[in-house]
There are 2 protein chains.
Amino acid sequence: MKKHYYAYGEFLEDLKILVQKIDRPFDTILPIARGGLTMGHMLGEHYNIRKVYAINSIGYDDTTKLDKVWIFNVPDLSSAKSVLIVDDIVDSGDTLMEVLDTLHERFPQVTFFVASIFYKSSAKIKPDWYVKEATEWIDFFWSVDL
Amino acid sequence: MKKHYYAYGEFLEDLKILVQKIDRPFDTILPIARGGLTMGHMLGEHYNIRKVYAINSIGYDDTTKLDKVWIFNVPDLSSAKSVLIVDDIVDSGDTLMEVLDTLHERFPQVTFFVASIFYKSSAKIKPDWYVKEATEWIDFFWSVDL
């Protein structure tokens, strides 16, 4: 598959576009770790939101997709009203579906929104806001620079 | 106070130095949010560790230091053996002391190490590994770029 090196500069430009699109309020930012962590960090600073947590999933074994998505490190969102879930890419959508199922079940009173940088049109679920369609493999700078 | 703009490129070079210094094993990475999140993300990728969580603290009200550090969103580390706590800067050391107190109390069986990029020599506690002494106010790229 063709590879695209996704540099910090491109990420920053995409985040600027993303924050223009996000038009609903939220009090908590929940990155899906690891992919959403840097994004969650910068959005937290931008929106001046301190409640930036993490929820973890394993759906890939390096580059091989696993049969089942495992969700762990679910934070306590019982005092949240509206949570922005962020991830770098919505690919198959399996991770996001499992994360949303888990969170809706545990915190039925909370509203959840989803923002990602990339989205694949073949995914089972579409984020509320995204910046780009993914058409090739993306080497994110946080995965390859160090 | 003199300000230093801390760009992504400098951060990357510093992380390369930091990973050369870290010489103890760990199974979990725990960024102090928000400051440690981007660092935790990149170190998680580097060490191929999926267990990158978050612990949150509020010790500053924008740039004004508060009297008391508040620790929240404490993750379940009961199955961890050795945890690397990461933060961008150990300034007064108040946040780190409070985080360590909280974690030692809740998870007495876990070994904790601390790595930061910056460290102020006047801090009450020294990280196990750090890269640079902080002598001026630092504008981290994640705080000011977006």
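**Exercise 1. In this predicted model, characterise how α1(A) packs on α2(A).**

Solution.
- Start with handedness: the crossing of α1(A) past α2(A) is right-handed.
- Next, take the geometry. General descriptors come first: a packed helix pair is described by the angle and the distance between the two axes. Here, the axes of α1 (residues 8-21) and α2 in chain A cross at roughly 50° and come within 11 Å.
- Classify the angle. α1(A) is therefore oblique to α2(A).
- List the contacts. From α1(A), the residues are Y8(A), F11(A), L12(A), L15(A), L18(A) and V19(A); they meet T38(A), M39(A), M42(A), L43(A), H46(A) and Y47(A) of α2(A).
- Sort by class. This contact has 10 nonpolar residues, two polar and no charged ones.

**Exercise 2. Determine how many residues of α2(A) are buried, and which.**

Solution.
- Set the cut-off: buried means under 20% relative accessible area.
- Count. Helix α2 of chain A spans residues 37-47, and eight of its 11 residues are buried. The helix is thus mostly covered.
- Name them: L37(A), T38(A), M39(A), G40(A), H41(A), M42(A), L43(A) and G44(A).
- Check what follows the helix. N48(A) comes after α2(A), with a positive phi near 55°.

**Exercise 3. Find the operation that relates chain B to chain A.**

Solution.
- Superpose. A turn of 180° with a shift of 0.0 Å along the axis lays chain B on chain A, at an RMSD of 0.0 Å.
- Interpret. The two copies are thus related as by a two-fold rotation axis.
- Locate the axis. In chain B, T38(B) comes closest to it, with its C-alpha at 2.3 Å.
- Compare the interfaces. 100% of the interface residues of chain B are also interface residues in chain A, so the copies meet through the same surface.

Methods: Residues are numbered from 1 along each chain as its sequence is written. Chains are lettered from A and ligands numbered from 1 in the order in which they are written. This is a predicted model: local features need pLDDT of at least 70, side-chain atom pairs count only at pLDDT 80 or more; totals for chains, interfaces and linings use all residues. Side-chain values use heavy atoms; hydrogens and water are left out. Copies are superposed by least squares on the C-alpha atoms of residues with pLDDT of at least 70 in both. Contact means heavy atoms within 4.5 Å. Buried means under 20% relative accessible area, exposed over 50%, partly exposed in between (1.4 Å probe, protein chains only). Helices (H or I, at least four residues) and strands (E, at least two) are DSSP runs, numbered from the N terminus. Axes are lines fitted to C-alpha atoms, for helices over the stretch in contact, and angles run from 0 to 180 degrees between N-to-C directions. Angles under 35 degrees count as roughly parallel, over 145 as roughly antiparallel, 65 to 115 as roughly perpendicular and the rest as oblique. A crossing is left-handed if the near helix is turned anticlockwise from the far one by less than a right angle, and right-handed if clockwise. Ala, Val, Leu, Ile, Met, Phe, Trp, Tyr, Cys and Pro count as nonpolar, Asp, Glu, Lys and Arg as charged, and the others, Gly among them, as polar.
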